[in-house]
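Keep the viewer open while you read. The tour below moves from one site to the next.

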Amino acid sequence: MTPALEALYAFDLDMGSGRRASVRLRTPTVAKIVRLVLPPEEHTPQEAGRVLMLELEALIDTLAGHPPSAAELAAIVEDPERLGALLHVRNTVYDHLALEGRVLALCPHCDHGRAELDLTFYWLALRLPPWAFTDQGVLLKPPLLASPLPSGGRPEGWPRARGFDVIHPDAPGLRALRSLQTLEARIREQEGWRLWAPEGDQPPEGREHRHRSPAFSATLRLAVALETTPDVVDGMSVGAFFFLDLLHFALANADVVAPERAAVRCPACDGRFLPIF
Ligand SMILES: [Zn+2]
């Protein structure tokens, strides 16, 4: 864990009546967090309270030295100031985790050259609006991967990366990230739905979220992009998930309007190319 995360993961929270409790956070898995994304029609105060309790339960390792009880979680969710303090930390943590990812864009001009980049590069180079994982800082929004988006505009005459390897400190098994915009990926996604969430099928225990929800759609589509299974994605750190969700959008769906600004130089052969799909 980086020193910045260490600092973010431990803090004190005012629990009322002058009691301050030390909070220790942990990085939850995709299965614990991404399934809590509510479709817009389910945004009722009751549902919001329920998913916030589950999210905090996944995120808080200890409160005053022990796992938080249901009553303690309710005391946080039901107090706007206390909840606001905790969600502020949560939002900073999620941003920080996403920023820990790196991508190696493989040079199209030579065999072994690769440019190492992060999300900050893409957001500046492609002039993307600031990202937000939540709706106004509270409830998680559906991931960008949840629905197919149009491919980004590409300028004529610019070579593009040969491929992408991805790295995140929380997910040592990561390798290549593929585009979901290809015909092959669309076929694999259709196969994935038949295989992992067949229609009319009652999902087995522990996999109740496996239906055509934005949450499972994003999990399944990321599994296709990583050429793995939804089980592997479910077990991944949510930090790696947030990174890959934003990265796939930047590589596949964002328009490149100023190629001069977005092009990178290969450290091995000095050739220039656009580090996008
Ligand atoms: Zn090169």
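Is H248 buried or exposed? H248 is buried, because its relative accessible area is 2%, under the 20% cut-off for that class. Bear in mind that the model is predicted. H248 sits in helix α10, which covers residues 238-253. Leave aside residues up to four places away in sequence, and H248 still touches L145, L177, R178, S179, L180, Q181, N253 and F277. The list includes an unbroken run in sequence, L177, R178, S179, L180 and Q181.

Stay with L145, one of the contacts of H248. L145 is also touched by S217. S217 belongs to helix α8, residues 214-226. With up to four places away in sequence not counted, the contacts of S217 are L145, A146 and W193. Is S217 buried or exposed? S217 is buried, since its relative accessible area is 9%. For a distance, take S217 and A252. They lie 35 residues apart along the chain, and their C-alpha atoms are separated by 17 Å.

Next comes the metal site. Which atoms hold the zinc ion? The zinc ion is coordinated by the SG atoms of C107, C110, C266 and C269. The distances run from 2.2 to 2.4 Å. Angles among the four donor atoms are 104 to 116°. The site is therefore tetrahedral, as all of its angles lie between 85 and 135 degrees. The donor residues follow the spacing C-x2-C-x155-C-x2-C in sequence. The pair C107 and C266 links distant parts of the chain, 159 residues apart. C107 is in the loop between β4 (102-106) and β5 (114-117). C266 is in the loop between β9 (264-265) and β10 (272-273). Why do these two cysteines count as buried? C107 does so because its relative accessibility is 0%. C266 does so because its relative accessibility is 2%.

Now turn to a helix pair. Two packed helices are described by the angle between their axes and the distance between the axes. Helix α4 spans residues 70-77, and helix α5 spans residues 80-99. They pack at an angle of about 95°, with axes 6 Å apart. That angle falls within 65 to 115 degrees, so α4 is roughly perpendicular to α5. Which residues meet here? From α4 come A75, I76 and V77. From α5 come R82, L83 and L86. By class, this contact has five nonpolar residues, one charged residue and no polar ones.

Follow α5 further. A85 lies in this helix, and so does H88. How do they count by accessibility? A85 counts as partly exposed because its relative accessibility is 35%. H88 counts as exposed because its relative accessibility is 56%, over the 50% cut-off. Two distances place these residues in the fold. The C-alpha atoms of A85 and L183 are separated by 45 Å, with their positions 98 residues apart along the chain. For H88 and E47, 41 residues apart along the chain, the C-alpha separation is 20 Å.

Last, look at the backbone. Most residues other than glycine have a negative phi. Which sign does phi take at A64? Phi of A64 is positive, about 50°, although A64 is not a glycine. A64 lies in the loop between β3 (60-63) and α4. A64 counts as partly exposed, because its relative accessibility is 37%. R127 has a positive phi of about 50° too, and is not a glycine either. R127 lies in the loop between α6 (119-125) and β6 (134-135). R127 counts as exposed, because its relative accessibility is 59%.

Technical notes. Residues are numbered from 1 along each chain as its sequence is written. This is a predicted model: local features need pLDDT of at least 70, side-chain atom pairs count only at pLDDT 80 or more; totals for chains, interfaces and linings use all residues. Side-chain values use heavy atoms; hydrogens and water are left out. Helices (H or I, at least four residues) and strands (E, at least two) are DSSP runs, numbered from the N terminus. Buried means under 20% relative accessible area, exposed over 50%, partly exposed in between (1.4 Å probe, protein chains only). Contact means heavy atoms within 4.5 Å. Axes are lines fitted to C-alpha atoms, for helices over the stretch in contact, and angles run from 0 to 180 degrees between N-to-C directions. Angles under 35 degrees count as roughly parallel, over 145 as roughly antiparallel, 65 to 115 as roughly perpendicular and the rest as oblique. Ala, Val, Leu, Ile, Met, Phe, Trp, Tyr, Cys and Pro count as nonpolar, Asp, Glu, Lys and Arg as charged, and the others, Gly among them, as polar. Donors are N, O and S atoms within 2.8 Å of the metal (3.2 Å for Na, K and Ca); water is not among the atoms, so sites may look incomplete. Four donors count as tetrahedral if all angles lie between 85 and 135 degrees; four count as square planar and six as octahedral if opposite donors are over 155 degrees apart and all others between 65 and 115; anything else is irregular.
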